[in-house]
Amino acid sequence: MSDFLNFSGKTFLVQGVANKKSVAWFIARTLEEQGARVVYAVRSEARKKTLESQLAGKSVYICDVEEEGACERLAAEVGQAGFAPLHGLVHSVAFANYSEGFKTFAETKRKDFLQATSISAFSLVELAQAFKPHLAKNASVVTIGISSLLVTPDNYGYMGPIKAALESCARFLAKSFSAGSEVRFNVLGSGPLKTSASAGIPGYLESYLYAEKLTFRKRNLDTQEVANVAAFLLSERSSGLNGTSLVVDAGLGSNYFDKEIIRLAMRPEVPKP
Ligand code: NAD
């Protein structure tokens, strides 16, 4: 039981470390702690530089998924460096242009929607296809989605539909890759976390604190809890899961009728019992 995840001797590509708060950082560290080798893909040379001390001695490649052909270049470099076969890929990348502040979903500009879609959803397709020749037959691909595609947070705007596209892409990739391999694709649907991506969402702090009140345990998710589930999805222990979305939200999605929130909304003048 000591090596339950069986990661020793296995290699994973982790894409999307920006800093020590990144989901990708927690996943990579967890994989390494469990004996895996991690190859890193970061967005830019500048990012690689800021991560110099954290990633000293590691294999770090540049891949800006907004550039046509970037995933193919990355796969060729990683393949040539002798890292194949890879036992898994972590796609933990998203971008939305919130620079003009809060807008309703209906006001979304076409160029913003298309840019965010190509970076945050279609890049999974490009990454998977580029790495196809370098994957182990039973490799596992994990991408990070959101805990509910049914909610309509004002400040998340057009990223909601784009995360829906990401989930659907993962399912279709699972289907495509099933011809000739057992490569699996799963989505980890995470509740709100404290990272640089979420900090860029207008008014995020209040949403984050509200989400905490919605969890059953009244404590928001720790990014390590997300990384732990990602490690499970990347391991052979989840071999029966393919084309699924695993929600990690500390119960918040099932707690619309929390009595404390109802009290605050309906009778805030009544003291907390
Ligand atoms: P983060 O900012 O640490 O990570 C996002 C990463 O995307 C960064 O490393 C950034 O460099 C990368 N990226 C953006 N544009 C890119 C491009 N053109 N090419 C290559 N990389 C690019 O934030 P995070 O919260 O760790 O985000 C990781 C994933 O988790 C995202 O998919 C995000 O939507 C998802 N997620 C986050 C939360 C949350 O509350 N933070 C909740 C659910 C899902």
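In the predicted model, Arg263 is buried, with a relative accessibility of 14%, a value that falls under the 20% limit for that class. The side chain of Arg263 nevertheless meets that of Glu260 in a salt bridge, with an N to O distance of 2.9 Å. Both residues belong to helix H9, and because they are three residues apart, about one helical turn separates them. A further group of charged residues, Glu100, Lys103 and Lys109, is joined into one network by salt bridges with shared partners. Within this network, Lys109 and Glu100 pair at 3.0 Å, N to O. Lys109 is partly exposed at 35% relative accessibility, and Glu100 falls into the partly exposed class at 46%.

Twelve salt bridges are found in the whole structure. One of them connects Lys10 with Glu236, whose closest N and O atoms are 2.7 Å apart. This pair links distant parts of the chain, 226 residues apart: Lys10 is in the segment before strand S1 (11-15), and Glu236 is in the loop between H8 and strand S7 (245-248). Lys10 is buried, with a relative accessible area of 12%, whereas Glu236 is partly exposed at 38%.

Helix H9 (residues 259-266) also contains Ile262, which is partly exposed with a relative accessible area of 37%. Ile262 contributes to a nonpolar surface patch together with Val151, Tyr256, Phe257 and Met266; the accessible area of the patch is about 600 Å².

The ligand is surrounded by 29 residues, of which Ser22, Asp64, Lys163, Leu193 and Thr195 come nearest. By residue class, the shell comprises 15 nonpolar, nine polar and five charged residues. Strand S5 (135-146) and helix H6 (196-199) each provide at least two residues of this shell. Several side chains make polar contacts with the ligand. A polar side-chain atom of Asp64 lies 2.8 Å from a ligand nitrogen, and an N or O atom in the side chain of Arg43 is 3.4 Å from a nitrogen atom of the ligand. In the case of Ser196, an N or O atom of the side chain is 2.8 Å from a ligand oxygen. Of the 810 Å² that the ligand exposes when taken alone, the protein buries 94%.

Thr215 occupies the loop between helix H7 (204-214) and helix H8 (223-234). Thr215 is buried, at 0% relative accessibility, and its side chain reaches the backbone oxygen of Glu212 at 2.8 Å.

Technical notes:
Residues are numbered from 1 along each chain as its sequence is written. This is a predicted model: local features need pLDDT of at least 70, side-chain atom pairs count only at pLDDT 80 or more; totals for chains, interfaces and linings use all residues. Side-chain values use heavy atoms; hydrogens and water are left out. Patches are made of residues with over 30% relative accessible area and no salt bridge: like charges are joined within 9 Å, nonpolar side chains (Val, Leu, Ile, Met, Phe, Trp, Tyr) within 5 Å. Accessible areas come from the Shrake-Rupley method with a 1.4 Å probe; for residues, only the protein chains shown count as cover. A salt bridge is a side-chain nitrogen of Lys or Arg within 4 Å of a carboxyl oxygen of Asp or Glu. Helices (H or I, at least four residues) and strands (E, at least two) are DSSP runs, numbered from the N terminus. Buried means under 20% relative accessible area, exposed over 50%, partly exposed in between (1.4 Å probe, protein chains only). A residue is near a molecule or strand if one of its heavy atoms lies within 4 Å of it. A polar contact is a pair of N or O atoms within 3.5 Å; within protein, one must be able to donate a hydrogen and the other to accept it, and residues adjacent in sequence count only if both atoms are side-chain atoms. Ala, Val, Leu, Ile, Met, Phe, Trp, Tyr, Cys and Pro count as nonpolar, Asp, Glu, Lys and Arg as charged, and the others, Gly among them, as polar.
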